[in-house]
Amino acid sequence: MPGIAVLTSGGDAPGMNAALHAIVKLCAARGVDVMGVEQGYDGLMAGRFRPLRPQDVDGIGHMGGTLLGSARSKGFRTPAGRARAAQALESLDGLLVIGGNGSLTGAHLLAQETGVRVIGLPASIDNDLGCTASAIGVDTALNTIVDACDRIADTARAHRRVFVVEVMGRQCGYLAMASSIAVGADACLYREQGKGEAHIVAELEALLRRAYAPERNKLEVLILKAEGVELPTPQLVRRLQDFSDRELGGVDVRGTVLGHVVRGGNPSYQDRMIAGRLSAAAVGALLGGSTDEMVGWQPWTEGGIDTRDPSVKRFGLAQVLDETRALLDGTSPVTQRRVRQMETYAGVMGI
Ligand code: F6P
């Protein structure tokens, strides 16, 4: 009987288990065995496989994290590591990789160097992948951030405080951008703005001066900051507290770094739905003989190769990685549109 392997790699994302659940069921329906690879590419090189039958994935679809575990594999970054991985896959008909930028880069190199047939599914809370409007994990992460900001705003209002809330996203500011609009933040800081410390501090001092002017007298000020902004949150908090002590009568300024809280939790409807539909297209592509591609969530735009799902398209991994680089270096029209949109809100946010 034919069989394929599946692994989860890189930063885990809520919805990875929903994808594993879907993949196993979809393959079982087609009489295809699934071998789960433990701990991402590290486990693949070491041949740490275990059969995933429908009964092995019962009840995991709603859970955060990943049943198989994940890793950031240094060994897989070498051709020798990828050759070992290919050897471990010799008796199987292909590999599904559920992961983000680094994981899909590895998948592309594996396909190119060894001929192993690989299909990628985008999974990263950062939403920093090209050729997909969203990735598995993004929606849940946004909901987690919104919930955390609502809780912080409750206590900020009680004490008339300023809060800087830092969120994950690595070099991509999308989580901070999107959640700042959702929570009605007073400011949003993201790397794509290209602002240095002096510029950021000057703008926020002016915002605080307006917020605490007698005629406005805001109860709380919420500043969302993407972790990719080079100014460390504690340093920014100190700068704003010094300003507050000098000019605002000492209004408290605090900082909260949400960190890995943003990556946990049970996946939302959106992430479970995307995971299921991407999985169906990925299984179909792999069993249909395709390779070196990613299935992307594209409900609105043209491009890519059609699948049976009108909202899911196939893209060559080379194109995905090129567009991902453009997303992060700011030359992508997607990034430029996001930044333009945020700039239209900038004048309103601090009111
Ligand atoms: O890529 C997902 C992500 O959560 C990033 O937002 C974050 O910067 C990074 O992973 C943290 O990596 P680790 O979990 O290895 O510390």
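1. Before we look at how helices sit on the sheet, a word on angles: axes are lines fitted to C-alpha atoms, for helices over the stretch in contact, and the angle between two N-to-C directions runs from 0 to 180 degrees. With that in hand, look at helix 5 (residues 101-114), which lies across strand 4, strand 5 and strand 10 (293-297) and runs at about 160 degrees to strand 4. Helix 1 (residues 16-29) also runs at about 160 degrees to strand 4, and lies across strand 1 (3-8), strand 2 (33-37), strand 4 and strand 5. Please keep in mind that this is a predicted model.

2. Now the sheet itself. Its eight strands follow the order 3-2-1-4-5-10-12-11, in an open sheet with mixed pairing. Strand 3 (49-51) and strand 11 (305-306) each have a single partner strand, so one side of each is left without a neighbour in the sheet. In general, strands of a sheet pair through backbone hydrogen bonds, either parallel or antiparallel.

3. For a worked example of pairing, try strand 4 (residues 95-99) and strand 5 (residues 118-122): they pair in the parallel sense over five bridges. Find L96, and you will see that it stands opposite I119 in strand 5.

4. Back to helix 5, which has 14 residues and reaches 20 Å from its first C-alpha to its last, close to the 20 Å expected at 1.5 Å a residue. Which residues of helix 5 are buried? They are S103, L104, G106, A107, H108, L110 and A111. These buried residues pack against helix 2 (40-46), helix 4 (79-88), strand 4, strand 5, strand 10 and helix 11 (317-329). Just after helix 5, G115 takes a positive phi of about 80 degrees.

5. Next, the inside. The largest nonpolar core has 87 residues, and those with the most contacts inside it include V6, L96 and L236. Helix 10 (residues 269-287) gives the largest share of this core, nine residues. Domain 1 (4-137 + 267-329) and domain 2 (140-264) both contribute to this core, so it lies between them. A second, separate core of 26 residues includes V37, A111, V116 and C131.

6. Finally, two residues other than glycine have a positive phi: Q39, near 60 degrees, and C131, near 70 degrees. Q39 is in the loop between strand 2 and helix 2, while C131 lies in the loop between strand 5 and helix 6 (138-159). Are they buried or exposed? Q39 is partly exposed, with a relative accessible area of 34%, whereas C131 is buried, at 5%.

How values were computed:
Residues numbered from 1 in each chain as written. Predicted model: local features only at pLDDT ≥ 70, side-chain atom pairs only at ≥ 80, totals over all residues. Heavy atoms only, no water. Pairing = 2+ DSSP bridges. Helix = DSSP H or I, 4+ residues; strand = E, 2+ residues; numbered from the N terminus. Contact = heavy atoms within 4.5 Å. Expected span 1.5 Å × (residues − 1). Buried < 20%, exposed > 50% of the residue type's maximum accessible area, 1.4 Å probe, protein only. Core = buried A, V, L, I, M, F, W, Y, C linked by side-chain atoms within 4.5 Å. Domains from an automatic or database assignment.
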